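Trainee: I am new to this structure, and I would like to understand the reasons behind the labels that are used for it. Could we go through a few of them together?

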Amino acid sequence: MEPAKRIVVNTIAQYSKSVINTCLSLYTVRLVLSALGQSDYGIFNLIAGIVAMIGFITNALVITTQRHLSYYQGKEDHHKVQRMFANSIILHLLISLILCIVFLCLMDYLCMDYLNIEESRRETAKFVYLMSVCILFITFMSAPFKALFIAHENIIYISVVEVIDGILKLILALTLLHLDFDKLKVYACIMMFIVLFQFVAFAIYAIFRFKECHLSKVFVDYDKGCMKELMGFATWTTYGMGAVICRQQGLAILVNKFFGTVYNASYGIANQIYGALSFIVTSIVNAMNPQIMKAEGQHERKQMFHLAEQESKFIVSVMALIFIPLIFEMDNVLHVWLGDVPVCAVFFSQCIFITFLIDQVTYGLHSAAQAIGQIRNYTLLMYTPKLLSLAVFWISLKTNGSIEQVMYWYIGIEALVAIMRLPYLHKTAGLNVKVFLYKVPLRLLPLITILIVLSYIQQYTWDSTYRFFFTIPIIVLIGAITAWFSTFTPSERNTLIHFVKK
């Protein structure tokens, strides 16, 4: 399959999977809450949340493994691909064992002393904790195989497995309603087996499908140089993801300290909405990143930057169609969804959406920096300001600043980081900044202008709480037509047309 067609197919597969799993998840949560009750459901989420807190490390390792596999596939160095995969398994095994030992040592303290759990449920809480540690270990060990599928651009299989995963969780939720045993224990245990199913599905298929997947040679293929290369990349990727999470959670703590829990609810709602829609970005990134990495591995720097430009353009185009109308209609959307909307929830949501769109204009260059591989300086330069922004937020609030001022700082710092990618990639990798500005922001300008103008007009010409059910689809349709003719190039349009015909 041609690269352009593969990108479209993989994007559709990821997008379809995400939509299906989001719908399944929303219904499953309702059933599980009904079956377990609020107290037991709270215990599971509290304990599983503590263990899953370091889940960003798993994401960092997936990105690390996929980058190196794709890069050396581009070089057509199949021996190095095999060694990288083997060493990634060893690295995942070591890190997961260390983390599991640490969590097991903390089990009695957390379940018996630190966490506020009813005494009658503490033994059950310990069982849930053990299952959560098992889930953590299995998830870590699944990561190299998932990265291998992404590197081979076999996104369809990942999507199928994850949809089955969602269906199994729904079946579990339905089963819980009719059980007389300790439902929390059953739920935790079966959740562990569902995660184990996902691991087995990835591992077995990979063993038979990909020639570099030889588990019997994992320790034979240990290579100090490969391990050092993987650990170096993973360290800085983890730092970057950790900085973003620290900023997010740190801001939540500051909001709580200066404004109280009601504002925390507003901030949480904003992040929930963003999280529910951000799967679209993941779909595009997972579909395009392997091509970007392979192009760099083939020493096709110009093609690599071209794909990075396309990634930025595709992401912003799709997300702008959704986010810009929502920014204008956020008040009505939240009132229909929640009824009683917490104070500042609309403002938080609008600011987070604006920040996201600004960041994505140059996000393709982030993928380009990962493809090039020398990410220490890039990560320090791009992610340290995000971490230090907490100090700016604290100073602003300490000097009687408002939450609005804090969020303006939030947007400004994110915009600064997005702009910094341009001179950095120009200096270190030869990016033609003028070409990038012409192909991405300038091409996106008509679409964004149309969306803003239409959203503004409908806001002041039709006064109805439920108008967004009609106006947003119309604005999205007009925006999509605008993007087709003004954002996408003739070659990109021909690729999409040819794919649809096929």
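Trainee: In which helix is Thr379 found?

Mentor: Thr379 is found in helix α14, which covers residues 376–398; helices here are DSSP runs of H or I with at least four residues, numbered from the N terminus. This is a predicted model, in which local features need pLDDT of at least 70 and side-chain atom pairs count only at pLDDT 80 or more, while totals for chains, interfaces and linings use all residues. Residues are numbered from 1 along each chain as its sequence is written, and side-chain values use heavy atoms, with hydrogens and water left out.

Trainee: Why is Thr379 called buried?

Mentor: Buried means under 20% relative accessible area, exposed over 50%, and partly exposed in between, with a 1.4 Å probe and protein chains only. Thr379 has a relative accessible area of 4%, so the residue counts as buried.

Trainee: What is Thr379 in contact with, leaving aside its neighbours within four places in sequence?

Mentor: Thr379 is then in contact with Trp236, Tyr239, Gly240 and Thr384, where contact means heavy atoms within 4.5 Å.

Trainee: What makes Ile450, in helix α17, partly exposed?

Mentor: The relative accessible area of Ile450 is 33%, and therefore Ile450 is called partly exposed. Leaving aside neighbours within four places in sequence, Ile450 is in contact with Ile478 and Thr482. Ile450 and Gly479 are 29 residues apart in sequence, with 6.8 Å in space from C-alpha to C-alpha.

Trainee: And why does Phe208, which lies in helix α7, count as exposed?

Mentor: Phe208 counts as exposed because its relative accessibility is 73%.

Definitions and conventions:
Helices (H or I, at least four residues) and strands (E, at least two) are DSSP runs, numbered from the N terminus.
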